[in-house]
Amino acid sequence: MTTEKKSILIVEDEAQISRFLQLELEHENYACSICADGREALETALKNDFDLIILDVMLPSLNGIEILRRLRQVKQTPVIILTARDQVVDKVTGLDIGANDYMTKPFAIEELLARIRLHTKRPSSEVVAPVLVCGKLSVNPDARIATFDGHPIDLTKKEFDLLEFLMQNRNVVVSRERLLDSVWGFDFYGSTNVVDVYVRYLRSKIDDVYGVTLIETVRGAGYVIR
Ligand code: CA
């Protein structure tokens with residue numbers, strides 16, 4: 001059971017609103033930081049790992065949509081956008097570029113708190129397989145999510161299984177036969193070429209997209225992720 005406070009960044013240039021949010025959130029036992037300036041907010045959001053960001057759209061120096069767009073190139077901190085009433089375009093744009101939720105001002109604090117609870121839920125600490133990390137690649141076996149530099153990689157089941165197995169055996173050269181046995185199963189009927197085919201799929205989705213060499217071919221021996 002974690003007693004660590006969840007941290008929230010409030011990005012809002014209207015002092016009355018940010019003060020109100022801070023009081024309400026601290027009352028709910030969140031740790032709050034406030035930024036009233038767009039550029040400063042982006043910098044703060046990039047430097048720290050907040051559990052959630054409440055993001056106003058109209059801000060000095062850099063607007064909320066632009067902050068979110070730049071933030072999403074690097075990290076997936078949950079973001080709730082605050083928009084003025086009837087700014088439909090902002091809502092749509094915000095969700096398109098990766099906001100997790102939005103609220104229209106004026107908002108009911110109870111509703112905002114409910115959404116914050118929803119988006120800051122941490123996974124239960126029981127029986128959680130460790131997230132496998134290699135450089136910018138991260139593989140979460142429980143959630144079955146793979147990301148590179150924070151960007152989700154869209155993988156089929158077999159591609160994920162293969163990537164997970166290679167990550168579990170990081171720095172170990174794994175033969176095609178062993179990959180076939182472990183990922184496809186002993187009863188797989190077919191040639192080991194299928195391993196090469198799936199390694200190619202993975203490379204096309206990771207190496208080719210991000211310009212890296214993640215899966216190395218070791219001639220005559222197999223494959224390895226280092
Ligand atoms: Ca504003």
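Me: Before we start, what does a nonpolar core mean here?
Reply: Think of buried Ala, Val, Leu, Ile, Met, Phe, Trp, Tyr and Cys residues. They belong to one core when they are joined through side-chain atoms within 4.5 Å. Keep in mind that we're looking at a predicted model.

Me: Okay, so which residues have the most contacts inside the largest nonpolar core?
Reply: That core has 29 residues. Several elements, among them β7 (137–140), α7 (176–184) and β11 (222–225), each supply at least two of its residues. The ones with the most contacts inside the core are L137, L162 and L163.

Me: Which element gives the largest share of this core?
Reply: The candidates that each supply at least two residues include β6 (132–134), β8 (145–148), α6 and α8 (193–205). Six residues come from one of them, and that's the largest share. The element is α6.

Me: Which residues does L163 touch, if we skip its neighbours within four places in sequence?
Reply: L163 is one of the residues with the most contacts inside the largest core. Its partners include L137, another residue on that list. The full set is L137, V139, A146, L155, L202, I206, L214 and I225.

Me: How many residues are in the second core?
Reply: This one is separate from the core we just discussed. It includes V57, L59, L62 and I65. Its count is 19 residues.

Me: How are α6 and α8 oriented, parallel or perpendicular?
Reply: Their axes come within 10 Å and cross at roughly 90°. Angles of 65 to 115 degrees count as roughly perpendicular. So α6 and α8 are roughly perpendicular.

Me: Is E159 buried or exposed?
Reply: E159 sits in helix α6 (residues 157–168), and it is among the α6 residues that meet α8. Its contacts include Y198, Y201, L202 and K205. Its relative accessibility is 4%, and anything under 20% counts as buried. So E159 is buried.

Me: Which backbone nitrogen does the side chain of E159 reach?
Reply: We're still at E159, in helix α6. Its side chain comes to 2.9 Å from a backbone nitrogen. That nitrogen belongs to T156.

Me: Which residues coordinate the calcium ion?
Reply: Along the chain, the donors follow the spacing D-x42-D-x1-M. Their distances run from 2.1 to 2.3 Å. The residues are D13 (OD), D56 (OD) and M58 (O).

Me: And M58, is that one buried or exposed?
Reply: Compare D56, which is buried with a relative accessible area of 3%. M58 has 55% relative accessibility, and over 50% counts as exposed. So M58 is exposed.

Definitions and conventions
Residues numbered from 1 in each chain as written. Predicted model: local features only at pLDDT ≥ 70, side-chain atom pairs only at ≥ 80, totals over all residues. Heavy atoms only, no water. Helix = DSSP H or I, 4+ residues; strand = E, 2+ residues; numbered from the N terminus. Buried < 20%, exposed > 50% of the residue type's maximum accessible area, 1.4 Å probe, protein only. Polar contact = N/O pair within 3.5 Å; in protein donor to acceptor, adjacent residues only side chain to side chain. Contact = heavy atoms within 4.5 Å. Donors = N, O, S within 2.8 Å, 3.2 Å for Na, K, Ca; no water. Axes fitted to C-alpha atoms, helices over the stretch in contact; angles between N-to-C directions. Parallel < 35°, antiparallel > 145°, perpendicular 65-115°, else oblique.
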